[in-house]
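Let's take a walk through a protein model together, one stop at a time. Have the sequence and the 3D view ready, and look up each residue as we reach it.

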Amino acid sequence: MKYKNNKKAVIAACAYATAALTVASMLPISARAASVSILPMDSALAGISIPMNNYYASSMAPEKELKEFLETKVSANTVKETETVAPETTEEGTSAASESVTETSAAAESAEETTAAKESVTETTVAEETTVAEETTAAMTVAGEGVAGMAAVQKETTAAQTETPTETNAPSPYDNIAITRVSNYVNIRDAASTEGEVVGKIYDKAAATILDTVDGEDGQWYYIESGNVKGYMKAEFFVTGEEAERIAKEVGTVWARTTAVTLKLRQEPSTESLVMTLLAQGETYLVREENIINEAGENFIEILVSAGETEEDSLIGYISSDYADVYVEFEEAISKEEEEAELARIQRLKEEEEAARRRIEEEKRAAAAAAAATTAPTTAAPVQTEPSGEGGATAAETQAPAETPAPTEAPVQEPASGNGALRDALVARAKQYAGNLSYVYGGTSLSGGVDCSGFTQAIYREYGISIPRDAASQAYGGTRISRGDLQPGDLVFYSNGGGISHVGMYIGGGQIVHAANRATGVKISSMDYSTPVAYGRYTP
């Protein structure tokens, strides 16, 4: 069979080889080499052997004719790449081609003997051509699948090489945050209407999560969750999106909660730095900066432990991030029940204070009565006169009355005796301001704001006790006592590493109430939230 009669089969084979190698050429060199070396023999690429074998069997000079055809139809680069693959894809076909050539030669010899045989060969040739055409079509189909498969492999390989692993970012604390923008506070209701029952209230610049948006009275309302409150608010009272995130970053407070039983506060972000004080487990501190990495690779957090009389006097230091949990806190709504509970707490403390005041007055009266009893004047016995005897004259022996001392004023009493009434009153009064009074540098007002020493001074002033203004003076102005002698109402002092910088009032149970910082205002803390350095007393 002549070359020209099998031209379609040759073109099919070359087309497949060209397509397959073109895809291979798209791969990186390393991937290309790998793809060539690992292709299995039953892959689509092996299908080239089908039309190529038939071609070899039908041509007297297959290599020469194929070379001429390729030189005229295929570029030099394509020929070079095809040759690279050819040895692998034609290995099985070599034996088959040799056998086909032998069979064809035998058929040709038989054809020379008789015309009938030649006609038979002609019919056989037509049948062979039909078979070749069918095989070529099948090969091209397989080839197409092979190209598609190789393209998929190439795509996956490229994706595997170009894709780089990315770290999953932790959820942002500002995701889904909406911030209120109101003059004071707004009620949260159980329905999207001003007729709905009030279930809580939310103040200005407080955070909420919007759970749903509904059409309500006079427009759009949000169904929100904030703190322990769920309910409806008009959408106009919220800002969302980028503006909400910006405000959230301004009003959100970042805290660090210690997890170690005793954690060292250092002067610098290094485990080699000076230890300023020790911090108690479970206490929270205001974070000034996170992720401070030193040259040794240690990660530290800068925190504010307590605010002093000035910013410079404040206790600020560094703790290891391995022993603290950092979180962001926002102002949130307060439920009706929570508000009622807080009001009840304050009312209970007021009643305790009032009861302590009455006890103080009773103790004052009792002390005055006792003093009066010990200073009452004495009365002399009457003078007895007897006759002198002779001459009727009488002689009177006069006994002068005992001298009555001048009345003296009762000693000036302290505001109360030392039986605990004053201490109870001081503590009850101070605890009323926990969570309800702002921190203000230099402040001494129980209504406008206080700093640490301003707070203790103002509480003592309510009960007639005058103490110095700043923490250091308060530490040295009273009676120094030991930790074991502490009683409610005494003062506990702290240092910033250079001197007394903070003070709180002991309220019993290992706790103090103090004006901590601007983020919390007045709060109740463990006495060991920082290591105390001194204790003082101003009560009897």
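Our starting point is Thr258, which lies in strand β8, a strand covering residues 253-258. Is Thr258 buried or exposed? Its relative accessibility is 3%, and because anything under 20% counts as buried, Thr258 is buried. Which residues does Thr258 touch, once its neighbours within four places in sequence are set aside? The list is Leu263, Ala280, Gln281, Gly282, Glu283, Tyr285, Tyr323 and Ala324. Try selecting them one by one around Thr258 in your viewer.

Now let's step back and see the whole chain. Keep in mind that this is a predicted model. The protein chain has twelve helices and 23 strands. It contains 540 residues, and 39% of them are buried. Among the contacts with a separation of 6 or more, 62% join residues 24 or more positions apart. The chain exposes about 30300 Å², of which carbon and sulfur atoms supply 50%.

How confident is the predictor? The average pLDDT of the protein chain is 73, and 59% of the residues score at least 70. Some stretches score lower. Over residues 13-48 the pLDDT stays under 50, and the model gives this stretch 48 contacts beyond four places in sequence. Residues 385-417 also have a pLDDT below 50, with 31 contacts in the model beyond near neighbours in sequence.

Next, find helix α9, which runs over residues 336-374 and includes Glu354. With a relative accessible area of 40%, Glu354 is partly exposed, because that value lies between the limits of 20% for buried and 50% for exposed. Glu354 and Asp424 are 70 residues apart along the chain, yet their C-alpha atoms are separated by 10.0 Å.

From here we can move on to helix α10, residues 421-431. How many of its eleven residues are buried? The count is nine, so the helix is mostly covered. Among the buried ones are Leu422, Leu426, Val427 and Ala430, and also Arg423 and Arg429. And what covers them? The cover includes helix α9, helix α11 (452-461), and the strands β20 (500-508), β21 (511-517) and β23 (532-537).

Let's pick out strand β20 from that list, since Met505 lies in it. Met505 has a relative accessibility of 0%, so it counts as buried. Leaving out residues up to four places away in sequence, Met505 touches eleven-residue helix α10 at Leu426 and Ala430. Its other contacts include Thr456, Ile459 and Tyr460, as well as Gln511, Ile512 and Val513. Gly489 is also a contact of Met505; the two are 16 residues apart in sequence, and 5.9 Å apart in space from C-alpha to C-alpha.

Our last stop is the largest pocket, with a volume of about 1200 Å³. Which of its 35 lining residues are closest to its centre? They are Glu329, Glu331, Gly435, Ala519 and Thr520. Several elements each supply at least two residues of the lining: α8 (241-251), β8, β11 (284-293), β14 (324-329), α9 and β22 (521-526). Two of these names should be familiar: β8 is the strand of Thr258, and α9 is the helix of Glu354. By type, the lining divides into 15 nonpolar, ten polar and ten charged residues.

Conventions
Residues numbered from 1 in each chain as written. Predicted model: local features only at pLDDT ≥ 70, side-chain atom pairs only at ≥ 80, totals over all residues. Heavy atoms only, no water. Buried < 20%, exposed > 50% of the residue type's maximum accessible area, 1.4 Å probe, protein only. Contact = heavy atoms within 4.5 Å. Areas by Shrake-Rupley, 256 points an atom, 1.4 Å probe, with all protein chains shown as cover. pLDDT = per-residue confidence, 0-100. 1 Å grid on protein atoms, 1.4 Å probe; cavity = no way out; pocket = protein on both sides within 12 Å on 5 of 7 lines; lining within 4 Å. Points joined across faces, edges and corners; volume = space filled by probe spheres on them. Nonpolar A, V, L, I, M, F, W, Y, C, P; charged D, E, K, R; others polar.
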